[in-house]
Amino acid sequence: MKFALFLGCNIPARLNQYESSARAVLKKVDVDLVDIKEFNCCGYPVRNLDHKAFVLASARNLALAAKKNLNVISLCKCCYGSLKKADHLMKENASLRAEINKILNKEGLQYDGDIEVKHFLSVLFHEVGVETLKKKIEKTFTDLNIATHYGCHVLRPSKVVQFDDPVAPSIFDKLVEVTGAKSIDWSMKLDCCGAPLWGVNDDLSMNLTEKKLENGKKAGADYLCTACPYCQMQFDTVQNTILSIRGTNHQLPSLLYPQLLGLSLGIERELLGLKMNSLPIEGIEDFFTEQKAMEA
Amino acid sequence: MFFSISLYVALAIFGFGLVYKASTWFRYNIGIEAGKFSAPTRVFKAILGIASILFSEKILTLIKVFVIDVVLQVRILRQDFLRWLMHICIYLGFMLLLLMHALENFISEPLFTDYYSTVNPFMFLRDLFGFMVIIGIGIAIFRRFILKVPRLKTNAMDHYAIIILAVIMISGVFLEATKITSHTEFQFMVEDYAGLSAEDDADEIKVLESYWVKEYGVVSPNVKKPFDKELLDQGKESHEMNCAECHSRPHWAFLGYGTAKIISPVALGLDRTNMPTILWYLHFLACWIGLAYLPFSKMFHIFVSPLSLLANAVMEKGKSEPANIATRQAMELDACTHCCTCTLNCSAAVFFEIFPNTNILPSEKIISIKALAAGKELSEPELRHLQEGIYLCTNCYRCTVVCPVGINLQDLWFNVRESLLKKGYPEFFALSPLSFYRGLMKEDGDGDNYQKPLDQTREAIADRCELMKMPDKVLPLSDIDSAFKGTLNRSDQANTFSGCFGCETCTTVCPVVASYDNPREVLGLLPHQIMNACGLGLKDLALGSNMLWDCLTCYQCQELCPQGVCVTDILYELKNEAVQQVREKSLMERTL
């Protein structure tokens with residue numbers, strides 16, 4: 001199994017632990033990754049201002065992967081949503097396709113919808129499979145309550161992104177439960193993290209994040225779990241800011257899915273970058289089954 | 001005489017240039033912090049900072065960086081082998097030529113007692129070094145002018161650098177070639193070095209000349225090929241006695257000798273017009289021009305790029321003295337070689353294909369920032385284009401990671417962005433996820449200035465929408481813009497608003513609407529009302545709501561709409577439309 005790894009802009013700059021942990025996990029389950037140095041921004045940040053600029057940026061990435069005949073794996077849900085949307089438009093809208101390809105042709109690129117875009121979680125669930133993951137598990141968790149945060153841009157618009165059932169998704173929960181942790185039910189599971197408005201309307205963004213954190217905490221979560229740099233930074237870095245500005249006391253630390261799975265797969269702590277999160281998550285190791293047994 | 005005077009003039013300009021340019025590093029203020037320190041403070045802090053580094057274990061880091069990045073230029077190698085080859089050829093070749101050939105009186109002669117520029121290995125090495133530079137220039141021309149790399153920009157300064165180097169090298173090679181063929185030069189050497197006189201030793205000179213014409217490439221008006229063997233044997237004898245010790249075979253000077261062969265049919269004419277002297281003037285004057293103009297040209301990077309690499313290796317934002325960071329940031333502008341590595345790796349450079357603003361490309365942004373730092377009065381459109389170019393950055397740090405001279409471009413963009421935003425022009429890209437980074441960096445910014453650009457931009461957009469200012473008015477039909485519906489055609493789904501039957505599901509499920517007790521007051525129109533406004537062609541209402549900019553794009557509304565209205569996509573469409581209207585107009589008005 002081979003994919004072109006699409007890291008996007010945030011992960012290499014601000015969330016190295018996501019890259020290193022995801023690479024380590026994928027290596028463990030025999031997914032080969034190819035790095036394409038020429039990849040650019042997925043276009044998501046400019047979608048508010050210019051539709052064509054957004055499609056062009058995404059389509060250029062797709063064209064680069066298509067040139068190497070590789071499907072794309074994205075770690076970011078906003079990148080995923082953008083690449084999927086552009087892929088959809090390039091397939092459906094002939095005049096837009098012609099317009100975009102005309103620009104891409106200038107550097108010898110072309111995209112005609114010939115590859116697939118997958119998210120990290122869907123590769124683990126559909127391509128690798130829960131059974132394979134279970135076989136590789138070295139350590140399990142006990143009594144660990146995880147609140148999965150799906151992220152908007154993989155779920156909706158479902159017709160375009162085709163990740164999971166948009167109303168009752170289950171992929172992420174099943175992946176979390178591979179580790180022995182319990183994926184709890186919580187009412188705001190499918191809501192937005194607030195990141196799209198961070199830097200644009202900070203009060204609103206913080207309100208949304210806080211509401212969600214409170215909801216997760218009330219539902220009994222020990223940790224939030226994410227698989228998107230925007231969501232993770234919102235629940236980690238921005239939550240840290242919220243805690244200091246607003247002095248709220250319902251702290252709910254968040255960790256990245258490959259960090260959680262990596263611990264279960266016995267991957268080195270260094271690669272998982274547990275220490276790189278803003279809010280401490282190392283306490284999660286107290287939930288290892290053997291640790292619990294010793295305590296008992 | 002002329003040689004010395006012109007050299008001293010060039011050296012004086014060069015020296016003045018160095019001092020002047022270095023002084024700008026302490027005088028120029030870039031960004032929000034820099035103005036806090038006076039120039040003398042910055043000089044003092046710099047000396048202190050350098051001393052504290054030199055006497056700490058960080059000296060090891062400096063040595064490592066000097067070897068790996070300055071001498072071996074591994075940063076360029078990581079990018080592209082061809083570019084590394086190009087630069088190493090030019091830099092190594094030119095440096096060695098400078099040391100061995102240009103400064104022969106000061107370096108080669110004292111160092112090697114048997115040094116003569118006409119004797120091997122020096123004769124061969126001079127051409128080898130020259131050859132390296134010419135190969136490098138060749139690759140540079142190929143890369144800049146033939147291999148049309150998208151978004152690689154070439155400006156006047158890049159042309160100058162290639163031209164001045166090319167003139168120095170080509171005049172040097174031709175000078176060598178005309179000297180090889182020159183009969184005058186031969187006569188001069190016979191008299192001065194061999195000590196033969198034209199009257200007394202006419203016969204010996206004739207055999208020697210024949211030998212040199214045959215073997216050394218001299219073009220003579222007196223003797224003609226073919227020569228008989230006896231004559232040549234005599235000539236060889238005389239040559240070995242008089243010349244061989246101080247003059248290797250010119251074949252070793254392969255560039256000059258090859259050129260000499262090519263020009264030999266016209267060599268006599270060239271010699272009569274005194275071409276070697278003309279070329280000598282051209283050669284050294286080109287060198288002096290290069291020298292005098294060096295501090296003001298991109299060649300200044302020879303000195304500043306190593307400084308930038310070394311400074312960035314031991315300095316860190318938040319830890320190093322802010323005054324020194326301000327100085328470093330001004331210095332870095334001189335370190336830039338306009339190699340465009342940043343642009344070629346930029347995550348956002350692709351947007352330049354849509355927005356014709358060269359400031360989107362990092363290599364061009366830095367040119368505008370240079371002008372800004374030098375205190376040049378930029379017009380409002382220029383400032384706004386720079387602001388937009390800097391804002392249209394995904395803050396992926398790639399430019400900083402790849403810069404071959406180690407400039408911390410990320411910090412530079414951040415600082416200039418904040419200082420430009422202070423000027424009060426609306427920035428439409430601020431109302432996008434590009435602001436996420438600015439939010440994370442809030443602490444490092446200028447607290448009072450954080451919210452203002454966001455508010456100003458929203459106001460600039462709302463200002464265009466007259467109807468929004470009259471919330472209680474009964475809307476006359478005359479405000480309906482029947483063409484408006486037609487303009488919403490960017491994406492396929494944009495016209496689905498006509499399916500809206502006002503069930504308000506979109507508004508009910510919207511997490512933003514749910515966040516407010518008084519959503520109408522804060523957000524203006526709510527999602528279902530915006531869909532209605534589109535249907536009615538009430539352009540102002542559709543484009544003027546805060547709702548557009550507070551939309552999370554979480555797609556709840558679109559997913560749940562029973563009528564298949566693509567609400568989120570329509571909101572995207574309206575945002576595009578609103579910005580396009582205002583962006584163009586406000587830019588033009590300010591220009592007027």
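At 11% relative accessibility, B:Glu176 counts as buried; here buried means under 20% relative accessible area, exposed means over 50%, and partly exposed is whatever falls in between (1.4 Å probe, protein chains only). This residue is found in helix α9 of chain B, which covers residues 156-181. Helices (H or I, at least four residues) and strands (E, at least two) are DSSP runs, numbered from the N terminus. Once its neighbours within four places in sequence are set aside, B:Glu176 is in contact with B:Arg126, B:Asp127, B:Ala253 and B:Gly256, where contact means heavy atoms within 4.5 Å.

A quick word on the model itself: it is predicted, so local features need pLDDT of at least 70 and side-chain atom pairs count only at pLDDT 80 or more, while totals for chains, interfaces and linings use all residues. Residues are numbered from 1 along each chain as its sequence is written, chains are lettered from A and ligands numbered from 1 in the order in which they are written, and side-chain values use heavy atoms, with hydrogens and water left out.

Chain A has a buried residue to look at too. A:Ile137 has a relative accessible area of 17%, so this residue is buried, and it sits in the loop between α7 (130-136) and β5 (145-148) of chain A. Apart from neighbours within four places in sequence, A:Ile137 is in contact with A:Val178, A:Leu261, A:Ser264 and A:Leu265. A:Pro157, on the other hand, is 20 residues away from A:Ile137 in sequence and 34 Å away in space, C-alpha to C-alpha.

Next come the salt bridges, each being a side-chain nitrogen of Lys or Arg within 4 Å of a carboxyl oxygen of Asp or Glu. Over all chains, the structure holds 40 of them. One of these joins A:Asp35 to A:Arg23, with the closest N and O atoms 2.8 Å apart. A:Asp35 lies in strand β2 (residues 32-35) of chain A and A:Arg23 in helix α2 (residues 16-28) of chain A, so the pair ties together parts that are 12 residues apart in sequence. Both ends are partly exposed: A:Asp35 has a relative accessible area of 45%, and A:Arg23 has one of 27%.

Another salt bridge pairs A:Glu99 with A:Lys52, and its closest N and O atoms are 2.8 Å apart. This pair links distant parts of the chain, as A:Glu99 is in helix α5 (residues 94-105) of chain A and A:Lys52 is in helix α3 of chain A, 47 residues apart. Here again the partners count as partly exposed, A:Glu99 at 35% relative accessibility and A:Lys52 at 28%.

Things look more local for A:Lys218 and A:Glu214, which both lie in helix α11 of chain A, four residues apart, or about one turn of the helix. Their side chains meet in a salt bridge at 3.6 Å, N to O. A:Lys218 counts as exposed at 69% relative accessibility, whereas A:Glu214 is partly exposed at 32%.

Now for the place where the two chains meet. There, 56 residues of chain A are in contact with 57 residues of chain B. The area buried between the chains is about 5,000 Å², and carbon and sulfur atoms give 59% of it; buried area is the accessible area (1.4 Å probe) that two parts lose on being put together, summed over both. On the chain A side, A:Asn48, A:Leu49 and A:Val200 lose the most area to chain B, together 15% of what that side buries.

Five salt bridges are counted between chain A and chain B. One of them is formed by A:Lys106 and B:Glu353, whose closest N and O atoms are 2.8 Å apart. Both residues also belong to a network of salt bridges that links A:Arg60, A:Lys106, A:Glu107, B:Arg151 and B:Glu353. Across this interface, 22 residue pairs are in polar contact (both at pLDDT 80 or more). A polar contact is a pair of N or O atoms within 3.5 Å; within protein, one must be able to donate a hydrogen and the other to accept it, and residues adjacent in sequence count only if both atoms are side-chain atoms. The elements giving two or more residues to the side of chain A that touches chain B are α1 (10-14), α3 (51-67), α4 (77-92), α8 (152-155), α11 (202-218) and α12 (229-246) of chain A. Of these, α3(A) gives the most, with six residues.
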